[in-house]
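Reader: I would like to learn how to read a model of this kind feature by feature, with the general idea placed before the particular case. Could we go through it together?

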Amino acid sequence: MASPTNPPAGECRQCWLHAHDRQQHAHLGPREDCPACVDHLRHGHGDLIVPGARRWF
């Protein structure tokens, strides 16, 4: 089973962490954007994709 720090193959490490670990956004106020997520949205995944084929269940 994938954990927030160990995403499955084909997933972005940062996207997975920020989606599944509540501590990543705990410091933000209501309706406040996460600066790391906004930067990631603008600049893409880069080399953060876990190697391997993405699995669809």
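Reader: Where is R31 found with respect to the helices?

Author: An element is located by the runs on either side of it, and in this predicted model R31 belongs to the loop that joins α1 (13-20) to α2 (35-43). Its backbone deserves attention, since R31 has a positive phi of about 60° although it is not a glycine.

Reader: Is R31 buried or exposed?

Author: The relative accessible area decides this, and a residue counts as exposed when the value is over 50%. R31 has a relative accessible area of 87%, so it is exposed.

Reader: How should I read the chain as a whole, and how many helices and strands are there?

Author: The protein chain has two helices and zero strands, and its C-alpha atoms fill a box of roughly 35 × 25 × 20 Å along the principal axes. Of the 57 residues in the protein chain, 18% are buried, while the chain exposes about 4,800 Å², with carbon and sulfur atoms supplying 54% of that area. As for contacts with a separation of 6 or more, residues 24 or more positions apart account for 54% of them.

Reader: How many disulfides does the model contain?

Author: A disulfide is a covalent bond between the sulfur atoms of two cysteines. The test is a distance, with the two sulfur atoms required to lie within 2.5 Å, and by this rule the count comes to zero disulfides.

Reader: Why do C12 and C34 not count?

Author: The closest cysteine sulfur to that of C12 belongs to C15, and because the two are 3.7 Å apart they are too far for a bond. For C34 the closest cysteine sulfur is in C37, also at 3.7 Å, which is again too far for a bond. Both starting residues are covered, as C12 is buried with a relative accessible area of 4% and C34 is buried with a relative accessible area of 8%.

Reader: How are charges to be read, and how many salt bridges are there?

Author: One can begin with the totals, which are 6 positive and 6 negative side chains in the protein chain, the centres of the two sets lying 7 Å apart. A salt bridge, however, is a matter of individual pairs, and the count comes to one salt bridge. The partners are the side chains of E11 and R54, which meet at 3.0 Å, N to O. E11 lies in the segment before α1 and R54 in the segment after α2, so this pair ties together parts that are 43 residues apart in sequence.

Reader: What surrounds E11, leaving aside its neighbours within four places in sequence?

Author: E11 is then in contact with W16, L48, I49, V50 and R54. With a relative accessible area of 18%, E11 is buried, whereas its salt-bridge partner R54 is partly exposed at 44%.

Reader: Where does N6 lie, and how far is it from Q23?

Author: Position along the chain and position in space are separate readings, and N6 lies in the segment before α1. The C-alpha atoms of N6 and Q23 are separated by 16 Å, the two residues being 17 residues apart along the chain. N6 counts as partly exposed, because its relative accessibility is 46%.

Methods: Residues numbered from 1 in each chain as written. Predicted model: local features only at pLDDT ≥ 70, side-chain atom pairs only at ≥ 80, totals over all residues. Heavy atoms only, no water. Helix = DSSP H or I, 4+ residues; strand = E, 2+ residues; numbered from the N terminus. Buried < 20%, exposed > 50% of the residue type's maximum accessible area, 1.4 Å probe, protein only. Contact = heavy atoms within 4.5 Å. Areas by Shrake-Rupley, 256 points an atom, 1.4 Å probe, with all protein chains shown as cover. Lys, Arg positive; Asp, Glu negative; His and termini not counted. Charge placed at Lys NZ, Arg CZ, Asp CG, Glu CD. Salt bridge = Lys/Arg side-chain N within 4 Å of Asp/Glu carboxyl O.
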